[in-house]
Amino acid sequence: PACGQSTTRVHAYYDRTIQDLPINGKPVYLKIRLRKLLCLNKKCAKKIFAQRVQCARPKSKKTERLETVILRLATHTSLIETSKILKQLGIIASKSSIAELLKKNRGFC
């Protein structure tokens with residue numbers, strides 16, 4: 001991602017769990033095995049970088065589409081009410097995680 005040179009040299013593997021939209025009211029978690037790759041460009045400042053997931057932002061615990069649903073609901077109700085409604089839908093999200101998501105997405109409408 002830093003220099004643009006492609007690589008296939010694997011440094012390590014790691015597992016990532018990402019919450020997605022529920023199915024029939026049941027929580028859904030995506031368990032993904034990702035790679036950490038080595039950059040072969042000697043001049044590149046970033047020697048090791050992680051494989052990206054298209055459906056979620058880096059370090060996010062939720063997919064982008066799930067975050068969108070939470071944000072749309074949270075902009076129209078209180079954090080407590082949003083948490084209750086999400087629980088009924090099968091989405092696990094605490095008041096604090098909803099608040100953090102709102103802070104990260106202040107420009108969301």
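**Threonine 7 and its surroundings**

Author: The side chain of threonine 7 reaches the backbone oxygen of leucine 38 at 2.9 Å. The model is predicted, so local features need pLDDT of at least 70 and side-chain atom pairs count only at pLDDT 80 or more, while totals for chains, interfaces and linings use all residues. Residues are numbered from 1 along each chain as its sequence is written, and side-chain values use heavy atoms, with hydrogens and water left out.

Reader: What makes the approach of the threonine 7 side chain to the backbone oxygen of leucine 38 a polar contact?

Author: A polar contact is a pair of N or O atoms within 3.5 Å, where within protein one must be able to donate a hydrogen and the other to accept it, and residues adjacent in sequence count only if both atoms are side-chain atoms. The value for threonine 7 and leucine 38 is 2.9 Å, and the backbone nitrogen of arginine 9 also lies 3.2 Å from a polar atom of the threonine 7 side chain.

Reader: Why is threonine 7 called buried?

Author: Buried means under 20% relative accessible area, exposed over 50%, and partly exposed in between, with a 1.4 Å probe and protein chains only. Threonine 7 has a relative accessible area of 18%, and therefore counts as buried. Not counting residues up to four places away in sequence, threonine 7 touches Leu37, Leu38, Leu40 and Phe49, where contact means heavy atoms within 4.5 Å.

Reader: How do you know that strand 2 and strand 3 pair?

Author: Strands are DSSP runs of E with at least two residues, helices are runs of H or I with at least four, and both are numbered from the N terminus. Two strands pair if DSSP finds at least two bridges between them, and strand 2 (residues 26-38) and strand 3 have three bridges, in the antiparallel sense. Leucine 38 stands opposite isoleucine 48 in strand 3. The open sheet has three strands in the order 1-2-3, with antiparallel pairing; its edge strands are strand 1 (10-23) and strand 3 (48-50), each of which pairs on one side only.

Reader: The protein has three helices and three strands; what makes it more spread out than a compact globule?

Author: The radius of gyration is taken over C-alpha atoms, and the globule rule is 2.2 Å times the number of residues to the power 0.38. For 109 residues that rule gives 13 Å, whereas the radius of gyration of the protein is 17 Å, well over that value, so the protein is more spread out than a compact globule.
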